[in-house]
Amino acid sequence: MDLENPAAAQTSEEQAGQRLWTAVDRYISERLLPPDPALDAALEASAAAGLPAIAVSPNQGKLLHLLARIHGAHSILELGTLGGFSTIWLARALPPGGRLLTLEVNSKYAEVARANIVRAGLAELVELRTGPALEALPRLAREGLGPFDLIFIDADKQNIPEYFEWALKLSRRGSLIVTDNVVRAGALADPACADPRAEGARRFHELLAAEPRVSATTIQTVGLKGYDGFTLALVGEPS
Ligand SMILES: C[S@@+](CC[C@H](N)C(=O)[O-])C[C@H]1O[C@@H](n2cnc3c(N)ncnc32)[C@H](O)[C@@H]1O
C-alpha cells in the first residue's frame, strides 16, 4: 500500500480493513482526545495551504505527547515539521523552560508551521530551522546543542539511517529516539521491495541490530493512516 495515498490500488478486502481501522481510530479519538482548537486549526491551515495530509494521526500525536511526558523530556529534537502538528503535541509535553527544535526542508511548510505554533501559544518553546536536516544536524552538533532527551525522526524516509546516526551523536544515556513510518505496509520485511523509503527502514533496522548503544523495538500499527509502525530506541542501554 502507498502510505502517502492509502486508498490507491487497494483490494476490496484492504479497503474494508482500512474502513475498520479508520472507524476504530475515530472511536478512540472521539473518547480520549477532547476537542482541541489549536490542533484542529493547525490541520485546517495546513490543508488550506495545500500541505500533504501526512502528519501523524491525532492518536499518534497523543502517543508522542505521552512518551515525552513519561520520559520527563526537557529538550526535544524533531526532524520533519510539516505544518507543526506533531510539534505542537510534543512541545505541549515540555515543562516550563523546556525547548523543542524542529527541522523542515520546505520553507512554505515551515511558514505554515510557524503560524500554527504561534497560534498554539508555543512560540517561546519552539525553534524551527529551515533547510535539509542532513545539513542542519552537523551544525547543531558544532553549536553544542544537545544532548536531547527525546528525538523524533519523521523527515524523508530514505535517510532514516543517517538521521539515526546523527540522533545518536546528539543523545545521552537515557535519550529516547522515536522513528516513524518504518513498517511501510509490510515492505520492511520484503527485501524485494526496492522503494528507497523501505530500503531506508531496512538499513535502519540493520544499524539497530548492530548497535550496542541502544535497546530498541518496532511496533506495527494500523489506523486512519493505514498499516505502518514506529521504532522506539533507548540510548545507552544494552539490548
Ligand atoms: C511526514 S512529514 C512530517 C510530519 C510531522 N512530523 C507531523 O507529524 O506533523 C515529513 C516532513 O519532512 C520534511 N522533509 C523531507 N525531507 C527533508 C529533509 N531532507 N530535511 C528536513 N525535512 C525534510 C518534509 O518536507 C515533510 O514536511
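Which residues are buried in helix 6 (residues 133–142)? In this predicted model, where local features need pLDDT of at least 70, side-chain atom pairs count only at pLDDT 80 or more, and totals for chains, interfaces and linings use all residues, the answer is Ala133, Ala136, Leu137, Pro138 and Leu140. Residues are numbered from 1 along each chain as its sequence is written, and side-chain values use heavy atoms, with hydrogens and water left out. Buried here means under 20% relative accessible area, against over 50% for exposed and in between for partly exposed (1.4 Å probe, protein chains only). Helices (H or I, at least four residues) and strands (E, at least two) are DSSP runs, numbered from the N terminus.

The buried residues of helix 6 pack against strand 1 (75–79), strand 2 (99–104), strand 3 (126–130) and helix 7 (160–169), a contact being heavy atoms within 4.5 Å. Just past the end of helix 6, glycine 144 has a positive phi of about 75°.

Zooming out, the chain has eight helices and seven strands. Its C-alpha trace spans about 50 × 45 × 30 Å along the principal axes. The radius of gyration is 17 Å, which agrees with the value near 18 Å for a compact globule of 239 residues; this radius is taken over C-alpha atoms, and the globule rule is 2.2 Å times the number of residues to the power 0.38. Of those 239 residues, 49% are buried. Among contacts with a separation of 6 or more, 72% come from residues 24 or more positions apart. About 11,500 Å² of the chain is exposed, with carbon and sulfur atoms supplying 57% of it (Shrake-Rupley method, 1.4 Å probe; for residues, only the protein chains shown count as cover).

Now for the sheet. The seven strands make an open, mixed sheet in the order 3-2-1-4-5-7-6, where two strands pair if DSSP finds at least two bridges between them. Strand 3 and strand 6 (214–223) sit at the edges with a single partner strand each, so one side of each has no neighbour in the sheet. From one strand to the next, the twist averages 15°.

At the strand 3 edge, strand 2 and strand 3 run parallel, joined by five bridges, and leucine 101 stands opposite glutamate 127 in strand 3. Helix 5 (residues 107–119) lies across both strands, at about 170° to strand 3; axes are lines fitted to C-alpha atoms, for helices over the stretch in contact, and angles run from 0 to 180 degrees between N-to-C directions.

Towards the strand 6 edge, strand 7 (residues 226–235) has seven of its ten residues buried. Strand 7 pairs antiparallel with strand 5 over five bridges, with isoleucine 177 opposite alanine 233. Strand 6 and strand 7 are also antiparallel, over ten bridges, and form a hairpin with two residues between them. Here isoleucine 219 has phenylalanine 230 of strand 7 as its bridge partner.

As for the interior, the largest nonpolar core has 35 residues, and Ile76, Leu90, Leu122 and Leu150 have the most contacts inside it. Such a core is a set of buried Ala, Val, Leu, Ile, Met, Phe, Trp, Tyr and Cys residues joined through side-chain atoms within 4.5 Å. Elements supplying at least two residues each include helix 2 (37–48), helix 3 (58–71) and strand 4 (150–153). Another core lies apart from this one, with 28 residues, among them Leu79, Ala133, Phe148 and Trp166.
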